[in-house]
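This report describes one protein chain for a first-year student. Please look at the sequence and the structure before reading on.

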Amino acid sequence: MNTDTRAAHADDHHHGDGHAHGTFSTYMLGFVLSVVLTAIPFWLVMSGTLPNKQITALVIMAFAVVQIVVHMIYFLHMSPKSENGWSMMALIFTIVMVAIALSGSLWVMNHLNSNMMPIHEMTGMK
């Protein structure tokens, strides 16, 4: 193999593999977005800005879903163009799984609250 063939062959391994590659700027954008998407829900809970706890929980869950999608796009490099569209299927699968996990978590936490804190023990009624 001559030098030109080796250079072309080496170039094929790094850029023609069908995978998306991140740059420093995309990693930094993903990092900044993830910090902001973490800080806002933390601030909402700590400051008590939203008076209704259910609305606060829904807003926090929305931020969680957005943050997971940001991580998938900026850190896992998922796009509809790479992997012949299979990473888009992975995104759809992840969104469905996150929806199931978040709704299940809310359901469990609601039932834990109502079952572990019975009203008759708190008021002294027997």
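The expected span of a helix is 1.5 Å times one less than its number of residues. Helices (H or I, at least four residues) and strands (E, at least two) are DSSP runs, numbered from the N terminus. The model is a predicted one, in which local features need pLDDT of at least 70 and side-chain atom pairs count only at pLDDT 80 or more, while totals for chains, interfaces and linings use all residues. Residues are numbered from 1 along each chain as its sequence is written, and side-chain values use heavy atoms, with hydrogens and water left out.

**Overall fold**

The chain has five helices and zero strands, and its pattern along the sequence is α-α-α-α-α. Of its 126 residues, 14% are buried, where buried means under 20% relative accessible area, exposed over 50% and partly exposed in between (1.4 Å probe, protein chains only). A contact means heavy atoms within 4.5 Å. Among contacts between residues at least 6 apart in sequence, 60% join residues at least 24 apart.

**Three helices**

The table compares the expected span with the distance between the end C-alpha atoms.

| Helix | Residues | Expected span | End C-alpha distance |
|---|---|---|---|
| H2 | 24 residues | 34 Å | 34 Å |
| H3 | 22 residues | 32 Å | 31 Å |
| H4 | 31 residues | 45 Å | 44 Å |

For H3, the end C-alpha atoms agree with the span expected at 1.5 Å a residue.

Helix H2 covers 24-47. The buried residues of H2 are Gly-30, Ser-34, Leu-37, Pro-41 and Leu-44, and these residues pack against H3. Leu-33 also lies in H2, but Leu-33 is partly exposed because its relative accessible area is 29%. Leaving aside neighbours within four places in sequence, Leu-33 is in contact with Val-70 and Tyr-74. Leu-33 and Tyr-74 are 41 residues apart along the chain, yet their C-alpha atoms are separated by 9.6 Å. Just after H2, Gly-48 takes a positive phi of about 65°.

In H3, the buried residues are Thr-56, Met-61, Gln-67, Val-70 and Met-72. Their cover includes H2 and H4. Thr-56 counts as buried because its relative accessible area is 10%. Not counting residues up to four places away in sequence, Thr-56 touches Val-45 and Leu-50.

Asn-52 takes part in two polar contacts at this end of the chain segment. A polar contact is a pair of N or O atoms within 3.5 Å; within protein, one must be able to donate a hydrogen and the other to accept it, and residues adjacent in sequence count only if both atoms are side-chain atoms. At the start of H3, a side-chain oxygen of Asn-52 reaches to within 3.1 Å of the backbone nitrogen of Gln-54. The backbone oxygen of Asn-52 lies 3.0 Å from a polar side-chain atom of Thr-56.

The buried residues of H4 are Ser-87, Leu-91, Val-98 and Leu-102, and what covers them includes H3.

**The largest pocket**

A pocket is an open set of points on a 1 Å grid over the protein atoms alone, where a 1.4 Å probe fits, with protein on both sides within 12 Å along at least five of seven lines; lining residues have an atom within 4 Å of a point. The largest pocket has a volume of about 220 Å³, the volume being the space filled by probe spheres set on the points. Its lining consists of Lys-53, Gln-54, Ala-57, Leu-58, Leu-106, Met-109, Asn-110 and Asn-113. Helix H3 (53-74) and helix H4 (86-116) each supply at least two of the lining residues.
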